[in-house]
Amino acid sequence: MSGPGHGKREVKEEKSGFYVTLIVNRWWAQYTSIPLPDQLMCVISSNVHGRDEKGRILRRTLIRYANLSSVLILRSVSTRVLKRFPTMDHIVEAGFMTQDERKKYESLHSDFNKYWIPCVWFTNLAAQARREGRIRDDVALRLLMDELNLYRAKCSMLFHFDWISIPLVYTQVVTIAVYSFFAFCVVGRQFLDPAHGEELDMYVPLPTLLQFFFYAGWLKVAEQIINPFGEDDDDFETNKLIDRNFQVSLLSVDDMYQNLPPTGKDKYWNESTAQLPYTMATMAETLKPSFMGSTFDMRMSDDPEQNQQVDASPSMNRIQTPLLSRFYAAAASPAISLKNFGKGNRISHPQLLRLRSEGIFPSASPNFNRREDPDAVGRIDEEETEDEETRINETCAPLSAEMERKDIPIVTVIGSLDDSISSTEQPSS
């Protein structure tokens, strides 16, 4: 049996579990929202052409604008990046921005964060490159703009994650619930021994200790990762990400532009099935059979009639269970009410009536519970049968012609309760 304490414990577990799940999902979403230039730099390197100095400047400037936008947004949300670039002079000195670009940036006045300005410079420069023929068609320009929009969307998500935080009242409620629960457990889970003059029964409450370790541990984990852009050991290393993104992106659009290794025949040129080598430490993995699917080794029937292919025909009779056929028949016309639905379908299936008479299913007949005379058990008067048949015909009158042509079985109950109930089918009038 579960008492009031059990219910309170379940509520506390749900609150703590939901809170930790929310924090972990938010933590991972913030990491996946950090802008990475990998896709954008591949598009720039393959679609912005020109081996001359002008083409090289164009590609390097485009990817530098993208990196500048990420630095500006990370500087707004990460403590580590802000300490590394505390002023715009440090950004200019690091090479993300020139002095002319800084003047242009500071001349644009806005009350909001201006991390998006380098993205606008990117779009204008890409349009200029299209007019000059550096980008050869509109499809390449569209691809470049789509990748930039994805990059800018991640910068925007970081800004909104920092702006819209988890409500403080949620954190306070979960914290108070966890610590107050265990404060009451310290008193409420002490047992008194009346045989020793109401002395405390000293013992080690292992279940309570485990609960405290689990719930308090979950709460501490949530408190540690609620802001991953701090300076803790487990927070995101945003400065390393900036270094990696800047170095890799410039290498991709400049040194690797049309700098391809010579192509030739690969090692498995003359082999129809390439087999990669294994080491002695991993040789045992070759003995495992390849996974071909869940039904690959399933045994099928050897009967040729079961494996013979036939064409599906609309006139073919559908296989339906007796229970589902009642619902299909009822759905044919909206004129069948719930009251008549139970009566009409109860008569149309005599095999179900036999099961009810044997005690397997409870009887659904309206006259079953009214039979109180032991001598008259199992008998239905002819007048009641005629009245019931008349009501069925009146109820089924609005049905379609196809439903009217179907045979309606009439149930005739003879003998006592122990006798079997037989049914004969007669065409409805």
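## Cores, a helix face and selected residues in a predicted model

The mean pLDDT over the protein is 78, and 67% of the residues reach a score of at least 70. The structure is a predicted model, and two stretches of the chain call for care when contacts are read from the coordinates. Over residues 334-372 the pLDDT stays under 50, and the model has 48 contacts there beyond four places in sequence. Residues 376-380 likewise keep a pLDDT under 50, with 14 contacts beyond four places in sequence.

### Nonpolar cores

The largest nonpolar core comprises 48 residues, and those with the most contacts inside it are I44, L74, I91, F122, I135 and L144. At least two residues of this core come from each of the helices α2 (38-47), α3, α5, α7, α8 (138-163) and α11 (238-255). Helix α3 makes the greatest contribution, giving 11 residues. A second core, separate from this one, has 13 residues, among them V174, V178, A222 and I225.

L74 was named above for its contacts inside the largest core. When residues up to four places away in sequence are not counted, L74 touches V81, L158, F229, T238 and I242.

### One face of helix α6

Helix α6 spans residues 99-107, and its buried residues are E101, R102 and Y105. Viewed down the helix axis, these buried residues fall within an arc of 100°, and therefore they line one face of α6. In general, an α-helix has 3.6 residues a turn, so residues three or four places apart point the same way. The exposed residues D100 and K103 are carried on the face of α6 that is turned away from its buried side. The cover over the buried residues of α6 includes α3 (53-77), α5 (88-94) and α7 (117-132).

### Buried residues and their surroundings

The table collects relative accessibility for four residues that count as buried.

| Residue | Relative accessibility |
|---|---|
| C155 | 0% |
| Y19 | 1% |
| C185 | 9% |
| D254 | 11% |

Y19 belongs to helix α1, which covers residues 4-32. Once neighbours within four places in sequence are left aside, Y19 is in contact with Y170, T171, V174, L219, A222 and I226; of these partners, V174 and A222 are included in the second core. Y19 and W218 stand 199 residues apart along the chain, yet their C-alpha atoms are separated by 9.2 Å.

D254 is placed in helix α11, and at 11% relative accessibility this acidic side chain counts as buried because the cut-off is under 20%. Which residues is D254 in contact with, leaving aside its neighbours within four places in sequence? The partners are R56 and R60. With R56 there is also a polar contact between the two side chains, at 2.9 Å.

### Cysteines

How many disulfides does the model contain? The count comes to 0. C155 takes part in no disulfide, and the nearest cysteine sulfur, which belongs to C119, is 5.8 Å away; that separation does not qualify because a disulfide requires the two sulfur atoms to lie within 2.5 Å. C155 is nevertheless buried, with a relative accessible area of 0%, and C185 also counts as buried, at 9% relative accessibility.

Key:
Residues are numbered from 1 along each chain as its sequence is written. This is a predicted model: local features need pLDDT of at least 70, side-chain atom pairs count only at pLDDT 80 or more; totals for chains, interfaces and linings use all residues. Side-chain values use heavy atoms; hydrogens and water are left out. Buried means under 20% relative accessible area, exposed over 50%, partly exposed in between (1.4 Å probe, protein chains only). Helices (H or I, at least four residues) and strands (E, at least two) are DSSP runs, numbered from the N terminus. The arc is that of the directions from the helix axis to the C-beta atoms. Contact means heavy atoms within 4.5 Å. A nonpolar core is a set of buried Ala, Val, Leu, Ile, Met, Phe, Trp, Tyr and Cys residues joined through side-chain atoms within 4.5 Å. pLDDT is the predictor's confidence in each residue, from 0 to 100. A polar contact is a pair of N or O atoms within 3.5 Å; within protein, one must be able to donate a hydrogen and the other to accept it, and residues adjacent in sequence count only if both atoms are side-chain atoms.
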